[in-house]
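Thanks for sending this one over. Here are my notes as numbered points, to read with the structure open beside you.

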Amino acid sequence: EPMKDINRVVQMVKDHHSWNALMKKYSIGTSDSCCDKLGQEIALACKTSDAPLKEMYVCSHYDRDSKCLYVDELDRVLKLKPYGSVEILQNGDDGVIFNPAGDSRHADLSVGLGSLRIKDGSLLDRHILSCIRWDEGGGLQEVSAKHLYKHHIISMFFDSLLQAKVCPVFQGRAGGGKNTITNLTGMLFEGKNFLITHFPMTDKYLDTMTVDRVYCGFDEYDSSKDKQESAFRSWCTRMWSSRRELYCTWDKSTRPTARGMGLSTNNNPVRDVATGQRQLMFNVLPRQAVAGEESYASLGGSIFPRFLAQRNAIWSEIVADLRAMVVALVKDDIGDKRTNFRMSDFVTLFLVGADVEGWGEEAREMLNEMAEMQVGEVADKHILVECMHSYLAEHMEERGIYKTQKQWQSELSDFYSSDRTTQAKLTASYLGKMLWWANKEIMVREFDMDVKEDIHKKQNTYAFWHRDTITLDDLSKEAAV
């Protein structure tokens, strides 16, 4: 239904705010039986109509055929063209329909073409990237962390290229501003009413909390339960959520989930490599460098108001950077990019921008730092790593000896015979998961694990080295794996 010069979008979902607003316009209460009856009739008419069905987007859409990026600002749509120019459209033009989400934002299109690198004087750096103290102790340099987080923001706009999402996880002691950086990122898209809530424990509740959102943030991401980890992995690999909530019983409502999600925790609970490689892991230092330092500023009285005052200017900077990425995607074919990272959608887009701008090798080093953090964080959670370190430290003669999984299980079980709790955890299925399945990278990183097939026994054998015995030549094998 047209409203002024903007194509109004109404969702046929019970109690959806757009549907309720339409009903109230005609003086029909949402509790009135007429409201439900109209919904059912319209839903049936839409289902049986020959009119083409259009996919709806949230915030942005990248068209791979035209290589144009559409960015929704609620009162207008920006069409970022392949060679840097911008055209102003209305919602629905070019057949691209947006479901309104977030708060109104407005870019100054006079700002020149941006860059994927962080420039001196960047407002994004000043108000978001520098609002915390990045901890370089885990091996990730501050400049790497900032560039990867900036790309997290940029990558969210390229929906058709980012079918698997990567989520930043901020870890550190209380008082470091872990929620602050997520709050500021969320407010960039959703305005001052953006809120951070407790991390949901089930996949259904996680979907409920993230549909029709541009960005969401969760605190207390600290449960090691398998259901929570599984819910997180599932969310990262889906752009849509389907459930029965239409004015009908024969179909499901398919709604887009948030483009991005930020998490904060005192201790990252991730235990599986597959989960860890869907996270951008950032360690955060406390704001106080020394005891008694006056380093805390008021969120409501200082940090947030100053950010909101500069919000459109920061948004303008991001749109300029998006224009640079659109141009880069024309100059370098993302389809030809290959990477050894599991989060390949995020990485290949990052490398396209960096390669075109001439800092591709530096970008690859940043990614290597993050990959080392991901595997290292997961390794610290696994008891087999601790057990194998202890075993090889005491039994030096076992280093480099090839044995089957069953033989290694027997050796470790005997070694921990006096510790029944640890012994009970070293099951055959657990060792199989660590030695051959999803978490194999942990053992390669920690012990330079090598695998050979025993042609007589027709099964694999495994050899481990303690870290203090590995030479520089040995390390080349780890990179190859």
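1. Strand 10 (residues 167-171) runs parallel to strand 16, and five bridges connect the two. One place to look is Q171, which stands opposite N283 of strand 16. Please keep in mind throughout that this is a predicted model.

2. Strand 16 also has a partner in strand 9 (residues 133-134), this time in the antiparallel sense and with two bridges. Here W134 is the residue to find: V284 of strand 16 stands opposite W134.

3. How well is strand 16 itself covered? Strand 16 spans residues 279-285, and six of its seven residues are buried, so "mostly covered" is a fair description given that buried means under 20% relative accessible area.

4. Now to the aromatic side chains, of which there is plenty to discuss: the structure holds 21 aromatic pairs. One of them joins F189 and Y215, whose rings are stacked, with 6.3 Å centre to centre and 20° between the planes. F189 belongs to helix 5 (residues 178-190) and Y215 to strand 12 (residues 215-219), so this contact ties together parts that are 26 residues apart in sequence. Both F189 and Y215 are buried.

5. F189 has another aromatic partner to show you, W315. This pair is edge-to-face, at 6.0 Å centre to centre and with 90° between the planes. The link reaches across distant parts of the chain, from F189 in helix 5 to W315 in helix 10 (residues 311-331), 126 residues apart.

6. Are F189 and W315 buried or exposed? F189 counts as buried because its relative accessibility is 1%, where the cut-off for buried is under 20%. W315 is buried as well, with a relative accessible area of 0%.

7. Elsewhere, an aromatic cluster is worth bringing up on your screen. Its members are Y391, W408, F415, Y416, F447 and F464.

8. Which lysine lies over the face of W408? That is K403, at 5.2 Å from the ring centre. W408 is thus a good residue to centre the view on, as a member of the cluster with Y391, F415, Y416, F447 and F464 that also has K403 over its face.

9. A second lysine to look up is K165. K165 lies over the face of W235, and the distance from the ring centre is 3.6 Å.

Notes:
Residues are numbered from 1 along each chain as its sequence is written. This is a predicted model: local features need pLDDT of at least 70, side-chain atom pairs count only at pLDDT 80 or more; totals for chains, interfaces and linings use all residues. Side-chain values use heavy atoms; hydrogens and water are left out. Rings of Phe, Tyr and Trp (its six-membered ring) pair if their centres lie within 6.5 Å; planes under 30 degrees apart count as stacked, over 60 as edge-to-face and the rest as tilted. Helices (H or I, at least four residues) and strands (E, at least two) are DSSP runs, numbered from the N terminus. Buried means under 20% relative accessible area, exposed over 50%, partly exposed in between (1.4 Å probe, protein chains only). A charge sits over a ring if NZ of Lys or CZ of Arg is within 6 Å of the ring centre and within 35 degrees of the ring normal. Two strands pair if DSSP finds at least two bridges between them.
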